[in-house]
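Trainee: Could you take me closely through the cysteines of this chain, pair by pair, and say how each one sits in the fold?

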Amino acid sequence: MKYEQPVGKPFSKQYSSANIYFSLSFFSSSINANTFLSPLCSCQELGTSLNILKQEMKSICGLVVLFFVMLPHAAAYDPLDPTGNITIKWDVVSWTADGYVASVTMSNFQMYRSIVSPGWTLGWQWAKKEVIWSMVVAQTTEQGDCSKFKGNVPHCCLRKPVVVDLLPGVPYNQQFSNCCKAGVVSAWGQDPSSSVSAFQVSVGVAGTSNKTVKLPMNFTLLGPGLGYTCGPAKVVPSTVYLTADHRRKTQALMTWNVTCTYSQFLAAKNPKCCVSFSSFYNQSITPCPKCACGCQNKNNCVVSDSKQAHKKGINTPRKDNAPLLQCTHHMCPIRVHWHVKLNYKDYWRVKIAVTNFNYRMNYTQWTLVAQHPNLNAVTQVFSFDYKPLVPYEAINDTGMFYGMKFYNDLLMEAGPQGNVQSEVLLRKNKDTFTFKHGWAFPRKVYFNGDECLLPPPDAYPFLPNSAKVNSITISTMVVSALLFLFIIS
């Protein structure tokens, strides 16, 4: 059978059948090479091969799309806190004439990531046309259009309400358990008793039984900024409560959970902190990398000794939480400095200093996490509280430092008081301990749950090479001894 070239532009050398085959062979291994290489193939065979190629291309495109969809969720996995999350639990405690009353509890199960001031912001979308009749110890940021209601006006009529916590100072008889902390929630590993926030909501124009109620959708959580991704609400076994005398159990009429996880990849495109190094055995200081946190605020920074740094109102935060940074080469709001201070026979000592360069923000209940192989032998931490983090039982190389309550658990704004520091005493493991190759410096550092940028390894303070000095010293001693023997003889 004679092969007839299809009507249209003739094949050029660049687009010969062989070239087309080899270009597409990466995508389809099931296409017979003879289909493209043989000039005697039929148009039907060519069409069949192209259909196979088309199907495989669709499969590849589907995998690529799936990869990009899963990428943000993959970034939410934290190897140092693999089970960390924020769980929002809705307990329906009673049914009303047109809806229900729910107790909403937000539990922070993250070991070292807290929600700092100005606190959390929780949002969702109603499944139908529900409204919020009232709230206890929380409020929505907007009421919305409630003009269709006569008499009693709902607290909020928005399809997508946004809820914030109340400030401290609410009258005691109006409080609810774990409320009124301005949205500030501690990390579970730091203070379990302060890692919970709660409020109560009365929902109307909703279902009035387990079968007719519709779960809210599309939950969002700011803590206080971006970074959290929330899954769908899922019905779970009803929460069981104990009475005050612990002699009777009651349970919620219905319970559903929402799980939110954090991703630094989604929170910001640049790091939020950096690390610098120094040591007693080297006079040089390894600074934070230049523009470690991006230099987008370089034109709007404050020189530390300028009049603007002492201007009244400079520490007043803005509603959008925009930072006002001190002018530095790294332009990070937080710098962690790790100084190898002293070397003893059986121990060695490190000094850790955390400095705030943001004039508009202080850090309540801050946390600092470091990963170093010798943290399995911490002997004493002088001015911080310390807790080892052991996500994997066989490895104990990670620890969390945080401020002592009412002493240094508040890191002040940039300025003379904007730093906290402590020394750490560690016992040496003689099989692994060394000052060579930057071993004395941490592998990873996190501040408030965000990983800090470390200097490149080749910039670490190096251990001086004393071999040449030692050889000279020994030679001098030998010559001096021989000269002494010559004189006395």
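**The cysteines and their links**

Mentor: Cys301 is buried, with a relative accessible area of 17%, where buried stands for under 20% relative accessible area, exposed for over 50% and partly exposed for what falls in between, with a 1.4 Å probe and protein chains only. Please keep in mind that this is a predicted model, in which local features need pLDDT of at least 70 and side-chain atom pairs count only at pLDDT 80 or more, while totals for chains, interfaces and linings use all residues. Residues are numbered from 1 along each chain as its sequence is written, and side-chain values use heavy atoms, with hydrogens and water left out.

The partner of Cys301 is Cys327, and their sulfur atoms are 2.0 Å apart, which makes the pair a disulfide, defined as two cysteine sulfur atoms within 2.5 Å. This link of Cys301 and Cys327 is right-handed, with 95 degrees about the S-S bond. Both Cys301 and Cys327 lie in the loop between β15 and β16 (334-343), so the disulfide ties together parts that are 26 residues apart in sequence; strands here are DSSP runs of E with at least two residues, numbered from the N terminus. Cys327, at 29% relative accessibility, counts as partly exposed.

By the distance rule, the count comes to 8 disulfides. One of them joins Cys146 to Cys157, with an S to S distance of 2.0 Å, and the torsion about its S-S bond is about 120 degrees, so this disulfide is right-handed. Cys146 and Cys157 both sit in the loop between β5 (138-140) and β6 (162-165), 11 residues apart, and the pair links distant parts of the chain. Cys146 counts as buried at 9% relative accessibility, and Cys157 is buried as well, with a relative accessible area of 17%.

A further disulfide is formed by Cys291 and Cys295, whose sulfur atoms are 1.8 Å apart; with -95 degrees about the S-S bond, the link of Cys291 and Cys295 is left-handed. Here Cys291 counts as partly exposed at 30% relative accessibility, and Cys295 counts as partly exposed at 27%.

To return to the buried Cys301, its case may be set beside that of a cysteine without a partner. Cys156 is in no disulfide, and the nearest cysteine sulfur, that of Cys157, is 6.6 Å away. Cys156 nevertheless counts as buried, at 1% relative accessibility.

Notes:
Helix = DSSP H or I, 4+ residues; strand = E, 2+ residues; numbered from the N terminus.
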